[in-house]
Amino acid sequence: MSSSDSPGGSPENPATFPATDSDDEEEVPAFNFASGSGENPAIIPETVSGDDTVARLIENWGWLISETDSDDDEVDGLKMLCDAAEMIRKQDEARAREEEEWLTRLKAESAERQREYTKSVAKTFAFKLHSEQNPKIVQKQGEEDEEDEEEKGQGKSRFKEAKKAIARRRRDSVSGATTPSCGIDLNLTAHRTSPTLMELSMRVLAKNSDAIKSLNLVPDHLKSKLSNMVGDLGQVNTRFMQLLIQDSPSEISVRNCVDLEEKDLAQILCDCDRVSLQELNLNLCGRCVNEISITEFLKRSPNGFPSLTTLSLQGAFSLTDNGLALISRAAPLLRVVNLSYCSYLTFHAVRILADHFGPTLRGLNIGGCLGIKPSEVFESSLIKFEKLSSLSVAGLEGIHDVVVRFFTSRGSNLTDLSLASCDNLNDGTMWTVGRCCPNLEALDISELDHLTDASLKEIADGCRYLNSVNFTKTRFSDDAVAAFLEVCGGSLNQLCLNNVRDVGQETAISLAKNCQSLRYLDLSWCRKLTEEELRRILSWCSLLRSLRLFGWTQVRDEFLRELSRSQVHIVGLKLTSIFAHLDDSYSSVDAKFF
């Protein structure tokens, strides 16, 4: 049936069917597939499902087919119905796939955002908790990163490698891979050798110094030893000083001559052979050395000390800047000057020495001179000492910038350095020491509260020739001290760890393993060390001659009595007078300087 044959149809709209004449028949709606309106069910609205649309098509097309007369039209209608149904099915499937993909993507993005948020919150919480409980770990991590970067530019740090080896040693010890120190067979039963006739004679002479008639033909070094023993007993007087200056000695060394009067000292200096005198040590001389006594001496002896090269006036608390100026003019050849604990001296004293001995002075000790304050004059004067090899500024306040500038300019000449009790020195100062003072042999950094393990790293990596160190009352860890001994222990002959509270097992192992040349050792108040660890040290350090053990209450009395019978000179044992050990052949690290 063609479109022109349809009743009331037109060629422009062949699918439009007019209403029939019969009143019983229901009016059939017109279908317009091109318009997509509600009268055309082939275009499915978004609110209508595909199954409902197919059902409506089947219903409407079923009515249409029943009204057609031609089989061809019936086939064409069925074909159109199938095509429309297939198109709708594909659209539904495509829409379902898009919705499923969109939901999947939405869930994935939401899960990723939740995961990132959870990770951020957990990281922030962990960082805060970690910092509150142990803030040093965060700093340590940063320091390790800096050390790694530094190693890349300057090579590996021997100190850091030693710390890693110690950590491995500790793990092996925990796992039982190493042999514990317990049970070391240490031969401490051998009695000390008998004192020599010389030692016995010196003791007798010191106790009976008032009965000595003459010291002629006695070598200068024996005179110095005898005078120090007499000084320890507090028996130095004018008569004994007259005995010392007999026979034109080249050295006069007296300790604790505080009882001398000004006029007596001036007379003694006038009576001695000043031409042959090269070394004068009047330590703890008190008030007798002052401007008045020096002026009186120069009036009697205007030529002064033409050959004097070493002068020690430790504890001359009456010495002023003017008195030092007089001494500088009277002794033009001075090379070593010890003015420690001369409390009246100011920074002008350093300027006086720099003006007279700047190019030639080799040793300067101004430790404990509390009148010397940091200033531009002090800083510029110190740099004038071109060949200074020994320097002690112990106890001076606020001198960080002064010493850093000096180390930068003259540090390569230094072999002996004491920075003890300088309150504002820190790891930065030790960094400068490690970089600028590579030839140091003796170092005293005792009682510096602001130093950390980083200071030991700089010293160990930069100062390769150390043989005497003093770490008294520092806060270095057990691992850091052990690592330092792993690196520098082979050259040490004097080591002071007095009151280094964290010293323990690792230090004992490294000390016994590496410090074979050690002769002087101070372990006073190191109460984390045990009896077995001390046995290990004494067993391996066969050259050890002097050991200080003040404050060792953690060991048995039987062990201490056993120690007292050893070849090592033990100082600080229980129930032993401290004055019994004043004549110690192996003195402390401080004596290394002057």
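E93 is partly exposed, at a relative accessible area of 35%. That makes E93 a handy way into this predicted model, since its side chain meets that of R89 in a salt bridge, with N and O 2.5 Å apart. E93 and R89 are four residues apart in helix α2, so about one helical turn separates them. R89 also has a partner on another side: E86 forms a salt bridge with R89, and here the closest N and O atoms are 2.2 Å apart. E86 and R89 sit three residues apart in helix α2, which again comes to about one helical turn. As for cover, E86 is partly exposed at 31% relative accessible area, and R89 is partly exposed too, at 37%.

Helix α2 runs over residues 71-133, and W102 is found in it as well. W102 counts as partly exposed, with a relative accessibility of 48%. Together with L103 and L106, W102 makes a nonpolar surface patch of about 290 Å².

Back to charged pairs: the structure holds 21 salt bridges in total. One of them is between D479 and R170, whose side chains meet at 2.3 Å, N to O. This pair ties distant parts of the chain together, with D479 in helix α16 and R170 in helix α4 (residues 158-175), 309 residues apart. Both ends are partly exposed, D479 at 22% relative accessibility and R170 at 31%. The pair does not stand alone, either: salt bridges with shared partners join R169, R170, D479, E486, E506 and K513 into one network.

Next comes the interior. The largest nonpolar core has 129 residues, and L319, F484, L523 and L547 have the most contacts inside it. Helix α16 (residues 478-488) gives the most to this core, contributing eight residues. So what does L523 touch, once its neighbours within four places in sequence are left aside? L523 is in contact with L497, L529, L534, I537, L547, R548, L549 and W552. L547, then, is a contact of L523 and is also listed with L523 among the residues with the most contacts inside the core.

Helix α10 (residues 321-330) is mostly covered, with eight of its ten residues buried. The buried ones are D321, G323, L324, A325, L326, I327, S328 and A330. Their cover includes helix α9 (291-300), strand β3 (310-312) and helix α11 (347-357).

Further along the chain, F378 lies in helix α12, which spans residues 376-383. F378 has a relative accessible area of 1%, so it counts as buried. Not counting residues up to four places away in sequence, F378 touches F347, V350, I366, I372, K373, L396, I399 and V402. I399, one of these contacts, is 21 residues from F378 in sequence, and the two are 9.7 Å apart in space, C-alpha to C-alpha.

V402, another contact of F378, belongs to helix α13 (residues 400-410), where H400, V402, V403, V404, F406 and F407 are buried. The buried residues of α13 pack against α12, as well as β6 (390-392), β7 (416-418) and α14 (427-436). The contact between F378 and V402 gives a residue-level view of helices α12 and α13 packing together.

Finally, a word on the cysteines. The structure holds zero disulfides. Why is C270 left without a bond to C272? The closest cysteine sulfur to that of C270 is in C272, 8.0 Å away, and that is too far for a bond; a disulfide would need the two sulfur atoms within 2.5 Å. C270 itself is buried, because its relative accessible area of 16% falls under the 20% cut-off.

Methods: Residues numbered from 1 in each chain as written. Predicted model: local features only at pLDDT ≥ 70, side-chain atom pairs only at ≥ 80, totals over all residues. Heavy atoms only, no water. Helix = DSSP H or I, 4+ residues; strand = E, 2+ residues; numbered from the N terminus. Buried < 20%, exposed > 50% of the residue type's maximum accessible area, 1.4 Å probe, protein only. Contact = heavy atoms within 4.5 Å. Patch = residues over 30% accessible without salt bridge, like charges linked within 9 Å, V, L, I, M, F, W, Y side chains within 5 Å. Areas by Shrake-Rupley, 256 points an atom, 1.4 Å probe, with all protein chains shown as cover. Salt bridge = Lys/Arg side-chain N within 4 Å of Asp/Glu carboxyl O. Core = buried A, V, L, I, M, F, W, Y, C linked by side-chain atoms within 4.5 Å.
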